[in-house]
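Trainee: Before we get into details, could you walk me through how the labels on this model are decided? I'd like to see each value set beside its rule.

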Amino acid sequence: MAPLIALLAGSLGARLAGLLGVDALDGWQPALRIGLALMFLLTGYAHFAPSHRRDLIAMVPPALPRAALLVTATGVLELAGAVGLLVPASARWTAAGLALLMVAMFPANVHAARHGLTLAGRPATPLGIRTAEQVLFVGAALLVLLLPG
């Protein structure tokens, strides 16, 4: 739920700032870049936070090797993506890469939901809700790619 809140609050707050005269945020594409950057800062940090890391490693489907390394690598990519979204020259390519990354990581969410895993002591998001969130997250990244900046 926290990533969804970060995306929505960040995007709406940035869009409001654009409407109030902050030229760099005047439009939905820059506002979505801010919201996604906040979301990926949050989720990227979770890959290293003691309260989340063990659970994220457990979410990696067993067929994939070196789960801890995968969690570290995806965390680094999410944090780098958050920065890349804030640089107008790289934002579109970064958004495309993050959309692909989210699709690649989705099986971990499926695994967590189907096997009753937890994240920071809370049950994994049910698969139907997590799928809807994933569609929204990927859609926001694709909008950054496609909307005029």
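Mentor: Let's start with a rule: a charge sits over a ring if NZ of Lys or CZ of Arg is within 6 Å of the ring centre and within 35 degrees of the ring normal. Bear in mind that this is a predicted model, where local features need pLDDT of at least 70, side-chain atom pairs count only at pLDDT 80 or more, and totals for chains, interfaces and linings use all residues. Residues are numbered from 1 along each chain as its sequence is written, and side-chain values use heavy atoms, with hydrogens and water left out.

Trainee: So what makes the charged end of Arg15 count as sitting over the ring of Trp28?

Mentor: The charged end of Arg15 is 5.7 Å from the centre of the Trp28 ring, and the cut-off is within 6 Å, so the distance passes.

Trainee: How many aromatic pairs does a search of the whole structure find?

Mentor: Zero. To pair, rings of Phe, Tyr and Trp (its six-membered ring) need centres within 6.5 Å; planes under 30 degrees apart would be stacked, over 60 edge-to-face, and the rest tilted.

Trainee: Why is Ala37 called buried?

Mentor: Its relative accessible area is 3%, and buried means under 20%, exposed over 50%, and partly exposed in between (1.4 Å probe, protein chains only), so Ala37 is buried. Ala37 lies in helix 2, and helices here are DSSP runs (H or I, at least four residues), while strands are E runs of at least two, both numbered from the N terminus.

Trainee: Which residues are in contact with Ala37, leaving aside its neighbours within four places in sequence?

Mentor: Ala82, Leu85 and Leu86, with contact meaning heavy atoms within 4.5 Å. Ala37 and Ala82 are 45 residues apart in sequence, yet their C-alpha atoms are 4.1 Å apart.

Trainee: Leu42 is in helix 2 as well. Why is Leu42 called partly exposed?

Mentor: Leu42 has a relative accessible area of 35%, which falls between the two limits, so partly exposed is the label. Setting aside neighbours within four places, Leu42 touches Ala2, Pro3 and Ala6.

Trainee: And what puts His111, in helix 5, in its accessibility class?

Mentor: The value for His111 is 14%, so the label is buried. Beyond its neighbours within four places, His111 has contacts that include Met59, Pro61 and Leu117.

Trainee: What is notable about phi of Arg66?

Mentor: Phi is positive, about 50°, although Arg66 is not a glycine. Arg66 is in the loop between helix 3 and helix 4, and its relative accessibility is 61%, so Arg66 counts as exposed.

Trainee: How are those two helices arranged, helix 3 and helix 4?

Mentor: Their axes come within 8 Å and cross at roughly 115°. Axes are lines fitted to C-alpha atoms, for helices over the stretch in contact, and angles run from 0 to 180 degrees between N-to-C directions. The contact is made by Arg53, Leu56 and Ile57 of helix 3 and Ala67, Ala68, Val71 and Thr72 of helix 4. By class, that gives five nonpolar, one polar and one charged.

Trainee: What about helix 1 and helix 6?

Mentor: Helix 1 and helix 6 pack at about 35°, with axes 11 Å apart. Pro3, Leu4 and Leu7 of helix 1 meet Glu133, Leu136, Phe137 and Ala140 of helix 6.

Note on methods. Ala, Val, Leu, Ile, Met, Phe, Trp, Tyr, Cys and Pro count as nonpolar, Asp, Glu, Lys and Arg as charged, and the others, Gly among them, as polar.
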